[in-house]
Amino acid sequence: KGDIIIGEHFDTESLNKMSLNTVDGKILSLNSVAHNSSTFKGIKTNCDVELSTFSGVIDLPVVNVGNNELKILNEKGNVGTKYIKAADTKVVCKHGNFILGDVDGNLNFSGANADTMITPNIKIDYVYGNFVIEGYDKAEPDIAIGKVDGSVQVFADKGKLDINEAKGAIEIQSGNNFAVDIIVSENNSKNISISTKYGNVRLAFLGDVSKNVVVKTISSK
């Protein structure tokens, strides 16, 4: 239940696997990691990493696992980063807050226990890869993303999604009240498919409207 603190002299790059778990403590690092000509506290490895908390805090400004996998498990705690580098970041959550800066790689909120997802709050500046969230009928995620370079796939009955610029394909499916507010990039000619039963849908286009746009609602706007 205590805090986990990575020491400043801990050579995390020599590890074959890294797993940090706390119930209600903090996961922190005193280790310096270079990013964009600056130095931040965080973790840099050449292996898969798992970070897990029940109701604690994961506060790591930089998490760089290279081309490996980062797994984050968060029941109802808080996760905060400025920069994540991973081939795939996979998240399993129930509630909890996720305040993420740039995510260099794919970000997937459809972990092994995706059917337990209820009300996560997700705020991200930039996803360089694909963004996926699968929440099924229990989920009511609140999602705000600045920009997504890859595709966007969201399957959730309730909640809302706000993206300031989407540059790839978009697929949103909801059998209930899921609200969508997306600005489509100027050069995005990918397929756009949005289906929600009651949620309001707002699509804005920075350029010519794609010919591959399908929006279906029953009683929304």
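**Exercise 1. Find out what joins Asp-104 and Lys-85, and where the two residues sit.**

Let's start with the contact: Asp-104 and Lys-85 meet through their side chains in a salt bridge, 3.9 Å from N to O. That term means a side-chain nitrogen of Lys or Arg within 4 Å of a carboxyl oxygen of Asp or Glu. Next, the places: Asp-104 is in strand β11 and Lys-85 in strand β10, so this pair links distant parts of the chain, 19 residues apart. (Strands are DSSP runs of E, at least two residues, numbered from the N terminus.) Last step, accessibility: Asp-104 is partly exposed at 24%, and Lys-85 is partly exposed at 22%. Here buried means under 20% relative accessible area, exposed over 50%, and partly exposed in between, using a 1.4 Å probe and protein chains only.

A quick note on the model: it is predicted, local features need pLDDT of at least 70, side-chain atom pairs count only at pLDDT 80 or more, and totals for chains, interfaces and linings use all residues. Residues are numbered from 1 along each chain as its sequence is written, and side-chain values use heavy atoms, leaving out hydrogens and water.

**Exercise 2. Describe the salt bridge between Arg-202 and Asp-181.**

First, the distance: the closest N and O atoms of Arg-202 and Asp-181 are 2.8 Å apart. Then locate them: Arg-202 belongs to strand β20 (residues 201–205) and Asp-181 to strand β18 (residues 178–184), 21 residues apart. Finally, Arg-202 is partly exposed at 45%, and so is Asp-181 at 25%. The structure holds seven salt bridges.

**Exercise 3. Work out how β4 and β5 are arranged.**

Begin with the pairing: β4 (residues 32–35) and β5 (residues 38–44) run antiparallel over four bridges. Strands count as paired if DSSP finds at least two bridges between them. One facing couple is Ser-32 and Lys-41 in β5. Now the turn: the two strands make a hairpin with two residues between them, and Asn-36 there has a positive phi of about 55°. Then look at the faces of β4: Val-33 and His-35 are on the covered one, Ser-32 and Ala-34 on the uncovered one. In a regular strand, side chains alternate between the two faces of the sheet.

**Exercise 4. Trace the polar partners of the Thr-196 side chain.**

Start by placing Thr-196: it's in strand β19 (residues 192–196), and buried at 2%. A polar atom of its side chain lies 3.4 Å from the backbone oxygen of Asn-176. On to the next partner: the backbone nitrogen of Gly-199 lies 3.3 Å from a polar atom of the Thr-196 side chain.

Note on methods
A polar contact is a pair of N or O atoms within 3.5 Å; within protein, one must be able to donate a hydrogen and the other to accept it, and residues adjacent in sequence count only if both atoms are side-chain atoms.
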